[in-house]
Amino acid sequence: MSLFKEKKSFFGRLSEKISDVIMMRAEVDEDLMDELEEILITSDIGMDTTMHIMEQLRTKIKNENITSPDRVKDALKEIMTGLVDKGERQLLCSETPLVVMMIGINGGGKTTSIGKIAHRLKGEGKTVMLAAADTFRAAAAEQLAIWGERNGINVVKHQEGADPSAVIFDAIQSAKARKIDVLICDTAGRLQNKKNLMNELEKMNKVISREYPEASRETLLVLDATTGKNAVSQAKEFGDVADITGIVLTKLDGTAKGGIAITVADEFDMPVKFIGVGEGIEDMIAFDPDQFIGGIFDE
Ligand SMILES: Nc1nc2c(ncn2[C@@H]2O[C@H](COP(=O)(O)OP(=O)(O)O)[C@@H](O)[C@H]2O)c(=O)[nH]1
Ligand SMILES: [Mg+2]
């Protein structure tokens, strides 16, 4: 909670609006419900998810005989927490060896998030290696190499334009030889050509299954929270081409658009695993439903 406040609460506006409406209303009536619905819709929580929330809210108000607007706020909080809470699935797989694929559009924060996640894992006493399978631009591998240096860990990379699957192949051999706990693979995020992306991901996944069948797997989709509803359509697009096991929601330090965490959790049943709150190595926190939704209400 304090973290969100320090980083300038991304939900501040939503919280204020809800509080204002609730304070101005003496009773729980249709006017209150309409206003709450409007706030949710305009806050970056998608239309469908807003409808789900309002449906659950109406049921709860009825079942629990809620008559004071103040209790509506608590009810709303419970419902939203329930939507984003995916239990065990929120945690990064703790079994090793583990191969983590990072996917998402360019600029979303894949490479930076890899650096931060590597740092976290190292802090937990795990050995980590990185694979620079974003071979599209030379700068991408360079950037990953810098994160490798910062973390004091190895980065497997080839030249610009190399076959990403070949990078993964080499990285797996190296990770096996060194008995590395977690191998994290950076990828290029070209969504313009969906078929191409799908083929490329498929090829990489095949290499991992063939060369490293004993490894556990994660595929994390990195979404830039500042892109709001656009991030939701990315979740859909990438969800069509990959078995996403979790979301990394980045740039929550600079935006009030955290509502997309609720939307992706609800519409795509994808657990948010980490949230990025800055550009530094420490600026990533494990997603916690109570803390996250609490950040909306406990201003
Ligand atoms: N403020 C902020 N910036 C971030 C965060 N995550 C990544 N960035 C910045 O976003 C830009 C793109 O990140 P990058 O990791 O290169 O994205 P990629 O193209 O998906 O690999 C860089 O300038 C990062 O420093 C975050 O959580 N907060
Ligand atoms: Mg990158």
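**Exercise 1. Pairing in the sheet**

Which residue in β6 is the bridge partner of L223? Work out how the strands around it are ordered.

*Solution.* A word on the model before we start. It's a predicted one: local features need pLDDT of at least 70, side-chain atom pairs count only at pLDDT 80 or more, and totals for chains, interfaces and linings use all residues. Residues are numbered from 1 along each chain as its sequence is written, while chains are lettered from A and ligands numbered from 1 in the order in which they are written.

Step 1. L223 has L249 as its bridge partner in β6. Likewise, L221 is matched with I247 in β6. (Helices, H or I of at least four residues, and strands, E of at least two, are DSSP runs numbered from the N terminus.)

Step 2. Now zoom out to the strands: β5 (residues 216-224) and β6 (residues 246-250) run parallel and are joined by five bridges. Two strands count as paired if DSSP finds at least two bridges between them.

Step 3. Look at β1 next: β1 and β5 also pair in the parallel sense, over six bridges. Here M101 sits opposite T219 in β5.

Step 4. Put it together: the open sheet has eight strands in the order β3-β2-β4-β1-β5-β6-β7-β8, with mixed pairing. Its edge strands, each pairing on one side only, are β3 (155-156) and β8 (284-286).

**Exercise 2. Helices on the sheet**

Find which strands α6 lies across, and which ones α8 touches.

*Solution.* Step 1. Helix α6 lies across β1 (98-103), β2 (128-133), β4 (182-187), β5, β6, β7 (272-276) and β8, and runs at about 170° to β4. Axes are lines fitted to C-alpha atoms, for helices over the stretch in contact, and angles run from 0 to 180 degrees between N-to-C directions.

Step 2. Helix α8 (residues 164-177) packs on the sheet too, touching β2, β3 and β4, and its direction makes about 165° with that of β2.

**Exercise 3. Around ligand 1**

Describe the shell around ligand 1.

*Solution.* Step 1. The ligand is surrounded by 20 residues, the closest being G109, K110, T111, T112 and G276. (Near means a C-beta atom, placed from the backbone, within 6 Å.)

Step 2. Helix α6 (residues 110-123) gives the largest share of this shell, three residues.

Step 3. By type, the shell has two nonpolar, 13 polar and five charged residues. In this scheme Ala, Val, Leu, Ile, Met, Phe, Trp, Tyr, Cys and Pro are nonpolar, Asp, Glu, Lys and Arg are charged, and the others, Gly among them, are polar.

**Exercise 4. Buried or exposed?**

Sort G246, helix α11, D269 and N65 by burial.

*Solution.* Step 1. Get the cut-offs straight: buried takes 20 or more other C-beta atoms within 10 Å of a residue's own, exposed takes 12 or fewer, and partly exposed is in between, with C-beta atoms placed from the backbone.

Step 2. G246, in strand β6, has 21 C-beta neighbours inside 10 Å, so it's buried.

Step 3. Eight of the nine residues of helix α11 (residues 259-267) are buried, so the helix is largely enclosed by the rest of the structure.

Step 4. D269, in the loop between α11 and β7, is exposed, with 11 C-beta neighbours inside 10 Å. Its phi is near 55°, a positive value in a residue other than glycine.

Step 5. N65 is exposed as well, with 8 other C-beta atoms within 10 Å. You'll find N65 in the loop between α4 (47-63) and α5.

Definitions and conventions: Two residues are in contact if their C-beta atoms, placed from the backbone, lie within 7 Å.
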